[in-house]
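Colleague: I am new to this one. Could you show me how to read its features, step by step?

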Amino acid sequence: MRMQLPIRVRLTLWFFMIFATATLTLLTACLWMVHQSIVELEANELQQRVRSVQRILELRPPGETPASQQRVLAIFDAIHGGKWLQVIDQDGNWIYRSRHVAEVYPQLALPQALRSERTYFEYSSGDTRVRALIAPIIVNGRSYTVQTGLSLNKTLVLLGDFQRQVIALSTSVLLLAAVAGYFMSRKALTPVAAIATEARRINDRNLDSRLPKLNTRDELADMSETLNGMLDRIEAGYRSIREFTANAAHELRTPVSLIRTETEVSLAFQRPAEEYRDTCEHIQRESVRMSKLIDTLLALTRADAGTEFLHMDVLDLNDLMRETAKKWTPQMRKSTITYMVNDAPYAVHIFGDRASLKRLLDILIDNAWRYTPEGGAISVTVLRDERHATLVVRDTGIGISLDDLPRIFDRFYRAGRPQNGEHAGSGLGLSLARWIAEKHGTSIDVQSEFGRGSCFSSRFECISGDENSRMNVLENKTLVVISQCRPVG
Ligand code: ADP
């Protein structure tokens with residue numbers, strides 16, 4: 001894997017690069033502007049000289065001889081040291097000629113050979129760089145060529161100095177910017193380091209620890225809050241797993257110790273065959289209870305892990321209800337409970353998993369049986385309207401208090417004392433039933449009155465015979481509204 005530079009260094013580099021680009025652009029623009037200004041100044045100066053020559057010649061009487069004009073222009077020897085000036089008239093007479101130029105330019109174009117506009121150019125004379133202007137002028141009807149120049153040495157030295165100073169200044173500013181950038185990014189990232197240190201400390205044993213709360217109201221504060229929210233959820237998940245494991249172990253401990261005690265007592269000394277039979281029957285009942293509990297625990301664990309798969313298909317809810325509910329008839333009769341199975345007189349097709357729906361109905365009927373005292377009544381019904389089928393299990397049992405009602409679907413939550421069966425339940429049945437209902441796109445509705453009875457119902461979407469509507473149900477898995485029902489009695 002390619003090693004990445006730390007964010008702090010990368011930020012500094014970015015900061016430095018942006019600053020360097022800006023400084024370089026500014027520097028180049030600055031030097032170019034200064035250079036342009038100097039060039040303009042020099043051009044003005046050269047034009048000024050050409051104008052001076054023209055003015056002097058204009059002041060002379062017309063028809064003056066070149067020799068006389070030469071004497072007049074000798075004044076330039078005094079003004080500019082005559083270094084970079086030469087003037088020639090249309091007949092090729094030298095009016096003025098400085099020695100330096102004569103060495104470099106022994107010939108000078110006659111005015112009639114020049115184009116009308118002025119021409120700037122540069123040349124070297126020894127170790128001097130010269131910017132020159134050559135221009136034709138007309139004075140009193142005669143044409144002249146004026147060539148004049150300026151030494152660039154001073155300008156070049158000035159520009160060079162300026163360039164060096166500006167570069168030195170920019171480099172210092174850049175270095176300063178890099179250092180400032182480093183410290184700024186360090187300061188900005190200090191909270192990240194604090195969050196990282198704290199996050200490294202958090203493990204499964206101190207999940208209640210939280211990352212530092214930042215009062216900066218910026219992205220980092222937001223990140224810290226989001227991570228704390230995530231820790232809240234992880235902690236809650238961990239807690240529920242721990243509670244689940246502890247509760248499961250507790251639930252299994254009772255039947256296991258019962259089996260152990262029974263066997264130990266039986267083996268302690270010789271007993272009649274009758275007693276051994278009783279013990280075996282007892283052990284068998286406990287084992288059945290244990291395997292039921294383990295089944296439920298496994299189903300819930302698989303549901304949590306997302307590995308419990310349902311095999312959805314079209315099924316007749318009426319048929320499923322009849323098959324499941326009728327199994328309970330002998331048990332109900334034994335407990336002298338009036339038991340009614342009200343199946344619809346026609347098939348009610350829904351889309352679902354047969355085995356898990358049977359399990360859901362079993363849980364509801366089992367609860368109704370366990371919490372309904374002798375002489376009570378239980379009914380299991382399938383109701384059908386145009387689009388929905390509702391499964392209703394109603395009893396005249398002990399009912400559920402308003403305090404318990406919101407919690408009966410919690411795992412291991414037990415409220416009422418069972419009226420039938422030998423043991424208290426595990427508090428897992430409704431939790432599993434609710435999961436099954438949710439997987440079928442519905443839920444379980446409870447109406448209960450303490451001391452009078454309860455009614456549990458679940459409403460499913462029906463499938464009318466054609467394939468289209470079957471596909472619709474498959475795709476939508478619509479969440480279905482729960483039907484209203486009242487407790488019996
Ligand atoms: P349990 O194995 O204890 O029955 P459940 O999850 O099936 O676990 O039910 C949770 C609690 O809901 C029960 O302990 C009981 O107090 C209450 N309950 C469930 N069904 C009924 C019912 N038909 N009548 C009265 N109380 C009920």
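**Domains, pockets and salt bridges**

Modeller: One caution before we start: this is a predicted model. Let us take the second largest pocket as a warm-up. α6 (219-268) and α7 each supply at least two residues of its lining.

Colleague: Which helix gives the largest share of the lining of the second largest pocket?

Modeller: α6 does, with five residues. The full lining is S240, I241, E243, F244, N247, T301, D304, R411 and F412. By class, that makes three nonpolar, three polar and three charged residues. The volume of this pocket is about 240 Å³.

Colleague: What is the volume of the largest pocket?

Modeller: About 1,600 Å³. Its lining counts 49 residues, and those closest to the pocket centre are K292, D366, N367, R370 and G425.

Colleague: Which elements should I look at around the largest pocket?

Modeller: Start with three helices, α7 (273-305), α10 (354-370) and α11 (429-439). Then add two strands, β10 (388-395) and β12 (453-461). Each of these elements supplies at least two lining residues. The most come from α10, which gives nine.

Colleague: How do the lining residues of the largest pocket divide by class?

Modeller: There are 20 nonpolar, 15 polar and 14 charged residues.

Colleague: Now the domains. How is the protein chain divided?

Modeller: Into domain 1 (7-157), domain 2 (219-305) and domain 3 (313-476).

Colleague: Where does the largest pocket lie with respect to domain 2 and domain 3?

Modeller: Look at who supplies the lining. Domain 2 and domain 3 both give residues to it, so the largest pocket lies between them.

Colleague: How many residues of domain 2 and domain 3 are in contact?

Modeller: On the domain 2 side, 15 residues; on the domain 3 side, 12. Together the two domains bury about 1,200 Å² between them, and 62% of that is on carbon and sulfur atoms. Their C-alpha centres are 25 Å apart.

Colleague: And the salt bridges? What is the general idea?

Modeller: Side chains of opposite charge can pair when their charged atoms come close. Here the cut-off is a nitrogen of Lys or Arg within 4 Å of a carboxyl oxygen of Asp or Glu. By this rule the model has 31 salt bridges.

Colleague: How many salt bridges are there between domain 2 and domain 3?

Modeller: Two. For a pair to find on screen, try E251 and R414: their side chains meet in a salt bridge at 2.8 Å, N to O.

Colleague: Can you show me another pair, elsewhere in the chain?

Modeller: Take R131 and E42, whose side chains form a salt bridge at 2.5 Å, N to O. R131 lies in strand β4 (residues 128-139) and E42 in helix α1 (residues 7-59), so this pair ties together parts that are 89 residues apart in sequence.

Key:
Residues are numbered from 1 along each chain as its sequence is written. This is a predicted model: local features need pLDDT of at least 70, side-chain atom pairs count only at pLDDT 80 or more; totals for chains, interfaces and linings use all residues. Side-chain values use heavy atoms; hydrogens and water are left out. On a 1 Å grid over the protein atoms alone, a cavity is a set of points where a 1.4 Å probe fits but cannot get out, and a pocket is an open set with protein on both sides within 12 Å along at least five of seven lines; lining residues have an atom within 4 Å of a point. Grid points are joined across faces, edges and corners, and a volume is the space filled by probe spheres set on the points. Helices (H or I, at least four residues) and strands (E, at least two) are DSSP runs, numbered from the N terminus. Ala, Val, Leu, Ile, Met, Phe, Trp, Tyr, Cys and Pro count as nonpolar, Asp, Glu, Lys and Arg as charged, and the others, Gly among them, as polar. Domain bounds come from an automatic or database domain assignment. Contact means heavy atoms within 4.5 Å. Buried area is the accessible area (1.4 Å probe) that two parts lose on being put together, summed over both.
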